[in-house]
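Reader: I am new to this structure and should like to go through it by question and answer. Please show it to me before we begin.

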Amino acid sequence: MRYGCTLFQKYKDVNKHPLRSWIEVDFARLEGNVRKIKASLPEGVKYVCVVKADAYGHCMPQALLRFLRGGADIFAVANLYEASRVREIVSDKPVLVLSPILKEERPLVFDFGATPAVSSYGEAKAFSDLAKAKGRVLNVHIKLDTGMGRAGVWHESADEVLPQILSLDGIRVSGIFSHLSSADEDRDYTFGQFDIFRKAAAKHAREGMLLHLHNSAAMRYVPVEPPFNAVRMGLLQYGINPYDDGGGYENLGLLPVLAFKSRILAVSKKNGRTAASVSAGYADGIPSGFTDSARVLVRGVRCPILDGVSLDETVIDVSMASGAQVGDEVTFIGEQDGAEISLGDYSRWTRRIPWETMVAIPRRVDRIFKY
Ligand SMILES: *Cc1c(COP(=O)(O)O)cnc(C)c1O
């Protein structure tokens with residue numbers, strides 16, 4: 001019996017094990033989602049698979065293997081540690097590091113065969129010098145700031161800075177990209193970012209470069225057409241819609257990959273209602289503040305949460321779930337007896353965005369893999 005560890009077991013055995021809280025990661029669905037998204041892309045468009053933060057909490061390296069089988073062309077991570085984890089498994093695909101790399105970390109880029117995103121001439125020059133000292137040529141992508149206001153060459157300086165970076169002989173610019181700041185909230189602003197990028201690409205892009213800006217939210221309404229020849233997929237590949245309305249991707253038929261479950265530890269009758277204590281508290285990633293509309297599933301019935309999420313347990317009202325007893329499965333996210341609670345609903349009820357929900361389930365919670 002192990003808690004807080006990944007159990008390499010088949011899904012069908014879950015109820016024979018005394019698991020208290022666990023997530024289930026459905027790798028068959030994950031692979032299916034990638035295949036479906038990829039199939040929807042125009043011929044030749046590359047699939048940049050975003051696997052930062054332990055594949056959005058979906059467990060590396062197993063998730064990585066399924067992304068490969070699904071057809072991922074390039075992997076994207078946030079930092080060099082994550083790049084090294086991809087490199088343990090994948091030797092023949094680019095690994096793009098999206099966030100800035102610290103000065104002291106720069107030599108590691110060569111050890112891990114990573115592709116840094118450069119945001120200034122100074123940074124590009126430093127990589128070029130390092131590469132030349134090693135007798136190598138380093139692939140980099142130029143990160144352009146089209147309005148996010150974080151890292152990246154600010155677009156108004158692009159005409160000055162991009163030719164300087166492109167003239168360095170220790171690096172090869174294999175791509176130019178930018179990040180969208182509010183694709184799920186502000187379409188006009190997003191179209192503006194696309195326009196800025198197109199103009200810069202028209203002037204500075206060269207044959208063979210990857211040009212990418214689409215994230216999951218932009219895929220809903222911005223067609224993938226030239227000059228864009230790659231998309232960066234995060235949330236969508238995990239089967240989750242970035243929008244509250246749940247619409248926009250029906251043609252893809254994506255399926256949610258992650259479920260989050262626990263078990264009833266005790267049942268008590270008080271004041272005409274039946275309360276159950278569930279083996280998951282805020283140390284298991286359950287936030288202490290649920291909204292009133294929050295529900296969990298017990299015996300396929302939607303049960304309200306009674307106030308009182310503690311470190312180890314959460315108290316729910318199982319009055320409607322007749323026969324509820326100690327040991328019953330409690331579903332916070334996922335399907336149970338034909339009923340379902342989506343990760344989107346759970347996120348709204350806990351006042352989080354879906355990305356946060358996925359990465360906020362600590363290692364104390366067991367990981368079960370469905371193949
Ligand atoms: C995380 C990230 C993505 C993925 O975004 P989703 O909304 O999850 O699809 C894409 N691009 C960059 C630069 C990122 O940091």
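Reader: Does Tyr221 count as buried or exposed, and at what relative accessibility?

Author: This is a predicted model, in which local features need pLDDT of at least 70 and side-chain atom pairs count only at pLDDT 80 or more, while totals for chains, interfaces and linings use all residues. Residues are numbered from 1 along each chain as its sequence is written, and side-chain values use heavy atoms, with hydrogens and water left out. Buried means under 20% relative accessible area, exposed over 50%, and partly exposed in between (1.4 Å probe, protein chains only). Tyr221 therefore counts as buried, at a relative accessibility of 13%.

Reader: How many aromatic pairs does a search of the whole structure find?

Author: Rings of Phe, Tyr and Trp (its six-membered ring) pair if their centres lie within 6.5 Å; planes under 30 degrees apart count as stacked, over 60 as edge-to-face and the rest as tilted. With this rule, the search of the whole structure finds 11 aromatic pairs.

Reader: What is the angle between the planes of Phe67 and Tyr238, and how many residues apart in sequence are the parts that this pair ties together?

Author: The pair of Phe67 and Tyr238 is edge-to-face, with 5.8 Å centre to centre and 85° between the planes. Phe67 belongs to helix α3 (residues 62–70) and Tyr238 to the loop between β11 and β12, so the pair ties together parts that are 171 residues apart in sequence. Helices (H or I, at least four residues) and strands (E, at least two) are DSSP runs, numbered from the N terminus.

Reader: Is Gln237 buried or exposed, and which residue has its backbone oxygen 2.7 Å from a polar atom of the side chain of Gln237?

Author: Gln237 lies in the loop between β11 (230–233) and β12 (258–270). Gln237 is buried, because its relative accessible area is 0%. Counting heavy atoms within 4.5 Å as contact, Gln237 touches residues including Leu30, Tyr47, Phe67 and Val257. The backbone oxygen at 2.7 Å from a polar atom of the Gln237 side chain is that of Met233.

Reader: Which residues form one aromatic cluster with Phe260?

Author: The cluster holds Phe260 together with three further names that can be located in the structure shown above. Those residues are Phe290, Phe332 and Tyr346.

Key
A polar contact is a pair of N or O atoms within 3.5 Å; within protein, one must be able to donate a hydrogen and the other to accept it, and residues adjacent in sequence count only if both atoms are side-chain atoms. Lists of a residue's contacts leave out its neighbours within four places in sequence.
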